[in-house]
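Trainee: I want to check how the labels here are earned. Can we take them one by one?

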Amino acid sequence: MTESLVLADPSPPRRPRIPRLLRQAAFRRYWSAQTVSLFGDQIIVLAVPLLAVLAFGAGPAEMGYLTAAALLPNLFFSMPAGAWVDRYPRRRQVMIVADVGRAGLLLAVPLLWWADLLNLPLLCAVTFLIGVLSMFFEVAHVSLFATLVRRQEYVDANSLINGSRAMADVAGPSIGGVLVQVLTAPAALLSGVLTYLTSAFFLARMTVTEHPVESGPGRGMAAGVRYVVRSAILRATLLGTTTLNLFNYMFAALFVLYVTTELGVSPGVLGLIIGAGSFGGLLGAAVTGPVSRRIGIGPAVLVGFVAFPAPLILVPLATGPQPQVLALLFAAEFVSALGVMILDIAVGSVQIAATPVAMLAVVSGFRRTINYGIRPIGAVLGGTLGAAIGVRPALWIASLGALLGVLWVVFSPLRTMRTLPES
């Protein structure tokens, strides 16, 4: 008599696959620092304006001053900061000092509030100084990124970082809103203090050998500008993103006004649509790596330049019953968030690869100066155009005009580029 044997499946149960980069202690700590810092940024973006409104009764003009205080450091100091960081041998230390400094400045806000010493000009000053330190953090992290990540893994690394950014965009404002509701706005800022200190802790625990500083002539701000202007790849991506940002901020200046007044969408429903649409960013972070490997990094950049602005055409198209309007608005937000993530990851990887390591910070500072400088111009143009010809026609011009950015890339080497370029 034979006895049947039941053989067990020899293959062990599959565990969730951890990306290779996150198995490296140095990159994992760098990524963790970036992630908690991004959440801190999102909490502050909501809590500080709410504090200004609830505590000081800030109106539109005062909110404009507060917003400008946060943006001005990027416009005026990005290039000098980048040139200095390129000459400083310890970029990680710059990021740690920026984190600790931001935590200290943020901690001062609730302390001054509880001491009855806080006022709106002082809040603007603190916001400006936090913006200065955030700008140093951003230009320094590009150089540290190139130290930690191999060229062939730039897209994967940027996908992880931008995935954290997308998650922070989705969850950060919700967390900030709950904290303000439960703890009041000044107390909610303490959570931002903790995120910056946590970021500094992760950075301090990193072990990394940074790229040596290259001294001598040709390493300053003028050299960074010349390098971008002479590089067909960097020039095309900068002109493309600048064109896209100009029209996109024209669109952003009119979007909330149009949706709430002409389409009759309540602020609460609009917030839900934007929050739900932000999940498209998470999907974009997940698919950019496979897409760029399948079609090539250059065509992936082209996809991003189209997929980001094209869905926004659905906004001036949105008419009819309210469910149809809401569905079109959600589709616009979701697909646009997916597209901007593909664009940010692909363009960011190309720009780092095409720049010499010794010039990464100053080139990054130059890009930030141009891209942040064009935003208020776009917003003013959008408002002026909306007042002159109507909000809906202005939205058509803004959404279609944003597609012009892709033309700079179509007529550049990126159109047929399969792999990351050499600097």
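**Labels and cut-offs**

Mentor: Start with R375, whose charged end sits over the ring of Y372, 4.3 Å from its centre.

Trainee: What makes the charged end of R375 sit "over" the ring of Y372?

Mentor: The term needs NZ of Lys or CZ of Arg within 6 Å of the ring centre and within 35 degrees of the ring normal. R102 does likewise over the ring of F137, 4.7 Å from its centre. Keep in mind that this is a predicted model: local features need pLDDT of at least 70, side-chain atom pairs count only at pLDDT 80 or more, and totals for chains, interfaces and linings use all residues. Residues are numbered from 1 along each chain as its sequence is written, and side-chain values use heavy atoms, leaving out hydrogens and water.

Trainee: Why is the pair F330 and F334 called tilted?

Mentor: Rings of Phe, Tyr and Trp (its six-membered ring) pair if their centres lie within 6.5 Å; planes under 30 degrees apart are stacked, over 60 edge-to-face, the rest tilted. The structure holds seven aromatic pairs. In F330 and F334 the centres are 5.7 Å apart and the planes at 35 degrees, so the pair is tilted.

Trainee: Why is T355 called buried?

Mentor: Buried means under 20% relative accessible area, exposed over 50%, partly exposed in between (1.4 Å probe, protein chains only). T355 has 3%, so T355 is buried.

Trainee: How do you know that F330 is partly exposed?

Mentor: Its relative accessible area is 35%, so F330 takes the middle label. F334, at 24%, is partly exposed too.
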